[in-house]
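Good morning, colleagues. Thank you for making time for this short presentation; please look at the sequence and the structure as they come up.

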Amino acid sequence: MENVTTLGEFIIERQQDFPGSSGEFSRLLSAIRLASKIVSQKVNKAGLLSYIVGSAGSENIQGEAQQKLDVYANIQFIKALRQRKVVCGIASEENDEHITLNESGSYIVAIDPLDGSSNIDVNVSIGTIFSIYKRVSPVGTPVTDADFLQKGTEQVAAGYVIYGSSTMLVYTTGNGVNGFTYDPGIGVFILSHRNMQFPANGKIYSMNEGNFFRSSKGIQEYIKFAQGIEPNENRPYTGRYIGSLVADFHRNLIKGGVYLYPATDQSPNGKLRLLYECNPLAFIAEQAGGKASDGRQRIMEIEPTDLHQRAPYFTGNTAMVDKIESLISEKG
Ligand code: AHG
Ligand code: MN
Ligand code: MN
């Protein structure tokens, strides 16, 4: 085998990013690595396992039907994070309130354990999204809501796992973005995408266009702009929408493009959740030379007030997000 760097080696190598760190952060990442391997294995076999396919018969705080795999993934990530003792609390899409873990831990995690659940039963890519902060309350006391309600700019790390044609883990600690592909034969994530950056020019747009007439004039104008014929500007763009944020984001990061989940007349704050969907991918987008906005301001500067709050979301190549912002400010 040629020279390869495993995720485990990379984490140790990069521990220098955290001067004075006692290795707590490395233990946290290795918990995420372990849980993603377990979930990946289940995802690969989902079609064969009746206890993993279909609805769990319950709803989460947002009133959305939980799939069995949503529940399974949530349990696996919580279990792995609890065992490492470095995390004092978790905010999860699948739990109404935050979960209290070890008081001695100095990190908190916000997580969407399984993103794209409508795609589980149809064999289409799904993912996990995570965001990591240092707590603001004192170590040795129980975690508080305030520990989770920090702006995205305070993230110390963020990442996602995509369970696709292969499983990949992509993360940043604010020092570039690196991607690791899972080799199930040896059970190891291998560095395959070093220092990921959006290509200079994007030409993909990703939106659920079923919401076209429910969106504002500015968004409708952008979609018409994307479809306009202007070969010198690479238009019309290509429309691609998977319906798993992780998978749409990952494709746009590699090929160049923009993801839109705007406000609609029925959901004035859009659909996506600030803490465990928008902020982590915003951190990655910015680290990869891109941008993330709610149409008016930088996502990572929004002051959170609720664990499960939503925000309109536009992320991808900087110039494409700029265009959306300018049409929103012009036309609403
Ligand atoms: P989740 O499965 O965690 O609830 O997230 C689903 C999200 C996101 O992944 C996706 O981009 C979006 O919902 C799709 O929404 P629409 O079906 O409205 O397009
Ligand atoms: Mn999601
Ligand atoms: Mn989810």
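I shall take the metal sites, then the ligand beside them, and then a patch on the surface.

First, the conventions. This is a predicted model, in which local features need pLDDT of at least 70 and side-chain atom pairs count only at pLDDT 80 or more, while totals for chains, interfaces and linings use all residues. Residues are numbered from 1 along each chain as its sequence is written, chains are lettered from A and ligands numbered from 1 in the order in which they are written, and side-chain values use heavy atoms, with hydrogens and water left out.

Let us begin with the manganese ion (ligand 2). Its coordination comes from Asp112 (OD), Asp115 (OD) and Glu277 (OE), at 1.9 to 2.2 Å. Donors here are N, O and S atoms within 2.8 Å of the metal (3.2 Å for Na, K and Ca); water is not among the atoms, so sites may look incomplete. Along the chain, these donors follow the spacing D-x2-D-x161-E. Aspartate 115 belongs to strand S5 (residues 107-115) and glutamate 277 to helix H7 (residues 274-287), so this pair ties together parts that are 162 residues apart in sequence. Helices (H or I, at least four residues) and strands (E, at least two) are DSSP runs, numbered from the N terminus. Aspartate 115 and glutamate 277 are both buried, meaning under 20% relative accessible area, with exposed over 50% and partly exposed in between (1.4 Å probe, protein chains only).

What are the protein donors of the manganese ion (ligand 3)? They are Glu93 (OE), Asp112 (OD) and Leu114 (O), lying 2.0 to 2.2 Å from the ion. Their spacing in sequence is E-x18-D-x1-L. Aspartate 112 coordinates both manganese ions, ligand 3 and ligand 2, which are 3.7 Å apart. Aspartate 112 and leucine 114 are buried as well.

Ligand 1 also meets residues of the first site. A polar side-chain atom of aspartate 115 lies 2.7 Å from an oxygen atom of ligand 1, and one of glutamate 277 lies 3.4 Å from an oxygen atom of ligand 1. A polar backbone atom of glycine 116 is 2.8 Å from an oxygen atom of this ligand.

Finally, the surface. Valine 124 sits in the loop between S5 and strand S6 (126-134). Because its relative accessibility is 33%, valine 124 counts as partly exposed.

Thank you for your attention.

Note on methods
Polar contact = N/O pair within 3.5 Å; in protein donor to acceptor, adjacent residues only side chain to side chain.
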